[in-house]
Structures are given as C-alpha cells and as structure tokens.
Amino acid sequence: MTNRCLYHSNFRDFLNAQPEYILGSLHHAFHGETLTTTDEAWMGEIVLLQEVLLPWKDEEAGIIFEYDIPRLGKRIDVVLLLRGMVFCLEFKVGKREALQADVEQVMDYALDLKYFHLYSQDRFIVPVLIPTSYASSTSLIQPSIYDDQIYNPLITGAAGLQQLLRLVIEYAHATTPGTIKDWTISPYSPTPTIVEAARSLYENHSVEDITRHEADKVTTDATIAFIMQVINESKRKGQKSICFVTGVPGAGKTLVGLDVAVKQSYQEDGTFNEEDGAVYLSGNGPLVAVLTEALARDNHYKCVARQERKNLSDSRREVSKFIQIIHRYRDNMLAKIKNPVENGILEIDPEKAVKLQASGYGEVEHVAIFDEAQRSWTHERIANYLKRGGTYGNKLKVPNFPLSEAAFLIWSLDQREDWATIVCLVGGGQEINTGEAGISEWIKALKEQFTHWKIYISDQLTEPEYAEGKVNALLEKNPNVTFSNQLHLGVSLRSFRAERLSAFVHSLLSFNSRAIELYQDVVSHHYPIYLTRDMDQARAWLRKQARGTQQTGILVSKVAARFKPLAVNILAQGDENAVHWFLEDKTDVRSSNYLEDAATEIQVQGLELDYVCILWDADMRYEHGKWTYWKFNGKNAWTPERNLETQKYMLNAYRVLLTRARQGIVICVPKGNSNLTPEGFPEDPTRIPVLYNSTYEYLKEIGMEELPLS
C-alpha cells in the first residue's frame, strides 16, 4: 500500500474481491470520518468498475482509487493503468448532466499528471468524466491539438463506460497488455515546458504589489548574490549547505526567496536548467494561496490582453512549480521512509521510492527555500501528528517519528547523493502557533545530526528575538559556520517604515523605555499610528486614507473573542477566503476593504496591506507593568492562560498584527460595555471596561495620539 492513494490493485485481484472488502480498504486508509454520501459514491464506483473492467480481467493492468498527485494536493477519483495508457476517471454519482466545471476538473488532472508526474509524461493520458446517470456518451475520440499525448476530455454515463474504454484502446492501437511499473510511487518532476511557462509568469510578476516589500534593491541584490555564490560553491565542491536569512517585516524576504528559485532554475543564457532547479516552500497556506493566485491572475490578464487563449487554471499550474506548500513536500518525502522507524533512524524504503540517477531518493530540486522557517514544528508536535495519522485524507501513520520538522527537512535534502542547498528565511519573534519551534530546532539539528553541512548565517540571528538569543551557544565550536551581514536584509532610508516600525513594536511589547522616542520617530516620518476606542471612527479613518487601489483591513488575534458587538466578523478559515480577502477589489464584499471581515495573524503573516485597524481585544491586557494573557471560555468568562509557551505565541500574534501595515495604523481598544442590569449587575460581564482600560492607558502613556474627530 502506498501513502499516495487509498487503494490500488491489479485488475484480477480487484475483480475477485468483495465490494465490501474494497470499501473497507478505502476506509482503513482514510483518516477521519467519511460521510454517508462518500461511502455511497465509493461503493457505486466499485460495483460499476467490477462490471466494466471484466473484459480485461486477465491482463496486466492496475486500478487506483483516490490518487494524490505528488506535492499538488489534488486527488483523482480513479486511475486505470491499462494497455500502457493512463485513464483519469472523475465520477459524479447520480448526476444526469455534464457541467463545464466538471469537464475542466478532470482535464486539469490530466494536465497535472503530464506536467508533474514523471511516469506519466511519456504516456497517453485519457481524462474521462462520468456523470453516472448521463444518458449519452462521447463518440468522437481524438488527442488534443497541442500534440501533448493528452486526449480531449471524454464524457459518458455509467452505462457507456465499458464501450468508451474499448473505443479509446482501439483508436490508440493499444494492443499490447501492460501496466506502468512504479506508477503509484512516481517521483514529482516538472517538465521543462511547465517550468519555462512559470518563468515567463514570474518575469511579469506582481509579487511586489502583494508582499508590499520596501527593501532597497541594492540590499536584496547583495543577499541574492551571496546565496547564489553559496549554491554555486556547493555544486562545485559537491557539498551540502544552508543559509539563514533575516530581515525586518517588509524587508523583502519572500521576494528574495522567489528570486533565488527563479535564478537557480535557469542558465546564464536564459535556458532552463534541468539539473539544478529550486523550489520556494512555505507552511503558510494563505500566503502561498495569495501569491499563487495573484501571479496567475496577472498572467491570465496579460494573455487575454494579447488575445491569447489560456485558462486561469493553466496559469495557476505554471505558478505552482515555484511556489508550494511545505507540508506537501514533507509528506512526499515521508511516503518514502521505512515504517515503522527502527532504532530511531530514518531510512528510505526501496519499495516505496524510485532512485533516480541525479537525485537519488531525494526530491528533484537541489535547492529548497523555506519561508518563515521559524514556524517549523517541534519534534513533539510532528511526532504526535504522525502518530495519529496526520490530517484528513490518506493515513500516514508513523508511530515513533524521531525528528523535528526542521531536522526532517534537512534530512530530506541530505538524501541527495551529490549536493544541496537550503535557504531558510527567518522572521524574528513570529512563532504564532503551538508547536512552532522557532529557529533553534534548525540549529540544533545541524549541530547534533548534520555536522557535515556548511552553515551560512546572518549576523543578526544572534539577537534575542531569534531562538531566544541562544544561537551563539548552539553554534559554539562548530567549524562549518560563516557569519555574514549580507544575509540580513537591511532597509534603506527610502524604506524607513519597515525598520522603524519593527523597532517601535518590539519596544512597545517589551516595555522598553525607548518606546516613546521610537513612536515619535515613526510618526515624524509620516507613518501615522493612532489610537481610538470607537470602531466606526476607525473604519471612517481607514476609508478616508485609502486612495486608488490602496488596501485597508481589520486585524484581530486568533484568540480574540468579543468582536461581534463591534460589527466585526472573523474571516473564515480556508485559503480561498484569504485569496478573496486580499485580492478582490473594493466592489466585492469579500474584500478586506469592506471592513466587515477581520483577518487573524494566521491569515496575514507574510502579507501586508496599506492601512489597517488592529482591534485589541481582552485576550492580552496590560496590568501592573506586564502583559497578562486570557482565553474566552466560549460562554461567559475570560480565563487566565498560564502556559508560558502559549503566552509567547499570543505575544507574537500582536507583533505580527502590528507590522502588517505599509502606510499607517489605527489601534482600537474598545470601551467595553459599562451598562448595568436593573439588578445592578454588568449587562455584559465579558466586556466590562476594566478589561480594556489599562491597555488603552498604557498605549496613551507611550504618547500614542488619539484619532482626531472627523
């Protein structure tokens, strides 16, 4: 059984098995509760296919249910490997008609296999949509006009599926029986075609508009040049290396990572570098979704303007070469290990992985750029996650996983037998979720397990906000360490805001005596930071500030709880919601500019807006010279949060929120509800003024100016 699907078998065993047994196998491999409709759909597919595939029962052929395309997070209902061809089957059980969106869905699966799945790239791929109650069947069978071995999508009801498979096999003259060896464990491998397309996308990118970076170009160029030099030296000497890049919020770390990914994938003459590619990876789902969608929309818009025919889904696919979710990269490597782990040592299982000449058992890229590397998981968190079988979908249970996520990612690149480089982009004091390890786990893994790796590190990484100031101790007596100021993204006077704002926020949160001075410094350079107790007043100020396409939004911490009385809704989880919030214009109610949905630190980390309102709830309060931390019980009271690690994440949440605005901030600390019931009790004990007043007074003591009345 491979972790990339819920069930796979040869035709003979599939046809001889009881449908209930196959359904049980799907259940066993699926993590979480399946819906009744899912069970009915699976059983319907099983029964139908056991009848449809009878003519080929004695052939060497394979069937796969719920196949995950490597690293893309997409799952195909059923794949048939028959007569050397790949049939992608998308079922719509009970449907009587074929919708355009469903046709596009199955076609996208075929294109993803062609572009990213090594063992499908030289095969004929046949996408088939099956609305089971559809009364007709495609009669015209032909390959695409693009000469890429992909057939035009075929449509049939359940009754016509067997005959349609016969017609395709006859049309293709596929007379030689045979499956495709190791297809289910095929390596991820983007074709040069898709990479070149992604490059053309990036050359016309709008990433700057999304990240709102203000870094001096000379500074970012120096950092990129240093990293490229490390990569070239690692290749020349056949060694493993890792770079740690620091930078204040807004300094352009994301842009540096994307630039390195693109530059590394091309030769100096502009041709695609098939051997030495790179990939940009982030665990921040909203960031990846927003960057991908923005680049794809930008490319699609330009294609339409040039009167070129191109689907938005094609543009998204091209972008996904360079920008990917780190968890899918990680899970693709996890699928290759021997399980259970013996003696605490990870080893590749040759039955689950294909050894390639260039990369061995490692992934196809030589260079991996990990954005927000400080958010990698601790050993405890990833071990517990894998012990219970991951999240919903394929069960990937590893009961005794021995490494932290950082150590595992280094191990993954270490599987290459030639050379590799990791680039860690690091934000200081921005661990915001339980189980995020900070940068110390990376350093610890290099010190204890990967002592042969060369380490290139920003001289700023020794500051207290990184690994709590323990970096020097962790790296002591390591001969492979090189410090460089070129790995810190300095900020020029032209982009004073990011640097000055970051220093002020740090002082505000740590009660540094320089907070008053730094506040005055920021506002004197035309970066307004106002204070108010009225959300309507805050909204009015935001709307007045934003001109043209400038973007506004409301931000709250994820622990905030009493925002409904202020007519604020929390943006629902899901990357698609973040995409709409960030990218739709002022005419769309889903846009941040409507100032109705507030995003949390989880949804905005790594991204910025022009003007923001930070709604400061009673979850973090200033009391007697220190912060106290509270969580709402969901009913009628705030309870103290005493866990020190959780307190750190809550503090960092406000650090992230306070550094998201490019042009200006208004902080709203509500007045609360001072009304009493006829009996003399608080009308709303969860919002009494005392929960907010001390925080408001602290911010005023710093010198923060109140929002002028309009």
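Contact here means that heavy atoms lie within 4.5 Å. Helices (H or I, at least four residues) and strands (E, at least two) are DSSP runs, numbered from the N terminus. The model is predicted, with local features requiring pLDDT of at least 70 and side-chain atom pairs counting only at pLDDT 80 or more, while totals for chains, interfaces and linings use all residues. Residues are numbered from 1 along each chain as its sequence is written, and side-chain values use heavy atoms, with hydrogens and water left out.

A good place to start is the open sheet, in which six strands follow the order β1-β3-β4-β5-β6-β7 with mixed pairing; two strands pair if DSSP finds at least two bridges between them. The edges are held by β1 (7–10) and β7 (154–155), and each has a single partner strand, so one side of each is left without a neighbour in the sheet. Within the sheet, β4 (residues 74–82) and β5 (residues 85–92) run antiparallel and are joined by five bridges, and Leu82 stands opposite Met85 in β5. Helix α4 (residues 100–116) lies across β3 (62–69), β4, β5, β6 (125–131) and β7, and runs at about 155° to β6. For such angles, axes are lines fitted to C-alpha atoms, for helices over the stretch in contact, and values run from 0 to 180 degrees between N-to-C directions.

Further along the chain comes strand β18. Both faces of β18 (residues 552–555) are covered, with Thr552 and Ile554 buried on one side and Gly553 and Leu555 buried on the other. Buried means under 20% relative accessible area, exposed over 50%, and partly exposed in between (1.4 Å probe, protein chains only). Four bridges link β18 in parallel to β21 (residues 609–615), where Val612 is the bridge partner of Gly553. Two bridges pair β18 with β20 (residues 597–599), also in the parallel sense, and there Ile554 has Ala598 as its bridge partner.

The interior can be described through its nonpolar cores, each a set of buried Ala, Val, Leu, Ile, Met, Phe, Trp, Tyr and Cys residues joined through side-chain atoms within 4.5 Å. The largest has 86 residues, and those with the most contacts inside it are Phe504, Leu508, Leu509, Trp616 and Trp627. Helix α10 (residues 285–305) gives this core its largest share, seven residues. Apart from it lies another core of 49 residues, including Val279, Ile326, Ile348 and Leu403.
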